[in-house]
Amino acid sequence: MEELTQSFLNHVNRKNHLKILLPEKPLIACIHYGESTCCISFSKDLVRNLCNNEWPEDIDIEITLPHLVFRQLLSRQVRLSTCLQNREARFKGTFRHFLLVESLLWLGSGEKYTA
C-alpha cells in the first residue's frame, strides 16, 4: 500500500496544474484504512507522506475507510463521494477540504495506478 500511496504523491507533485488548487499552509489529511493510518500534507510546496515522520498535531481532515476502498481510491476505481454515499467511508472536515481531496485523488494522474 505504501508503494501505491507514494506513486499517487509523486504524480500529484509532478502535475504543476494541480499546484493552484493547493493551499500555501499545509493541509493535513489523516486516512485510517483498515488497521493502518496514513497522514498526508498537501501544500503548494510539496505533497508528502507524514506517516514515517512525527505525528502532526493539527489535523484538518480525517477519512476512515476499509483497506480495499483506500486502494480503489488511489487506483481511481472509485470516487470519494461515491464511497461516502455508499457508506463505505467517513469524512471529517469542511466541504471545501472534501472537494480538494476528491479532486486530487481523481486528477492526480491521467492513468490508473497499478500496484
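**Notebook: fold, a helix pair and Ala89**

I began with the overall make-up and noted that the protein has 4 helices and 5 strands, in what is a predicted model. Following the chain along its sequence, I wrote down the pattern α-β-β-β-β-α-α-β-α.

I then looked up totals for the whole protein, and found that 42% of its 115 residues count as buried, while the exposed surface comes to about 6800 Å², with 48% of it supplied by carbon and sulfur atoms. Among the contacts with a separation of 6 or more, I noted that 61% join residues 24 or more positions apart.

Next I turned to the packing of helix α1 (residues 2-14) against helix α2 (residues 67-74), where I found an angle of about 30 degrees and axes 10 Å apart. Because angles under 35 degrees count as roughly parallel, I entered α1 as roughly parallel to α2. I also recorded that the crossing of α1 past α2 is left-handed. On the α1 side the contact is made by Leu4, Thr5 and Phe8, and on the α2 side by Phe70, Arg71 and Leu74; I sorted these residues into 4 nonpolar, 1 polar and 1 charged.

Last, I looked up Ala89, which I located in the loop between α3 (80-85) and β5 (90-92). Is Ala89 buried or exposed? I entered Ala89 as buried, because its relative accessibility is 9% and the cut-off for buried is under 20%. Leaving aside residues up to four places away in sequence, I found that Ala89 touches Thr64, Leu65, Cys83 and Leu84. Of these, I followed up Leu65, which lies 24 residues from Ala89 in sequence, with 4.5 Å between their C-alpha atoms.

Key
Residues numbered from 1 in each chain as written. Predicted model: local features only at pLDDT ≥ 70, side-chain atom pairs only at ≥ 80, totals over all residues. Heavy atoms only, no water. Helix = DSSP H or I, 4+ residues; strand = E, 2+ residues; numbered from the N terminus. Buried < 20%, exposed > 50% of the residue type's maximum accessible area, 1.4 Å probe, protein only. Contact = heavy atoms within 4.5 Å. Areas by Shrake-Rupley, 256 points an atom, 1.4 Å probe, with all protein chains shown as cover. Axes fitted to C-alpha atoms, helices over the stretch in contact; angles between N-to-C directions. Parallel < 35°, antiparallel > 145°, perpendicular 65-115°, else oblique. Left-handed = near helix turned anticlockwise from the far one by under 90°. Nonpolar A, V, L, I, M, F, W, Y, C, P; charged D, E, K, R; others polar.
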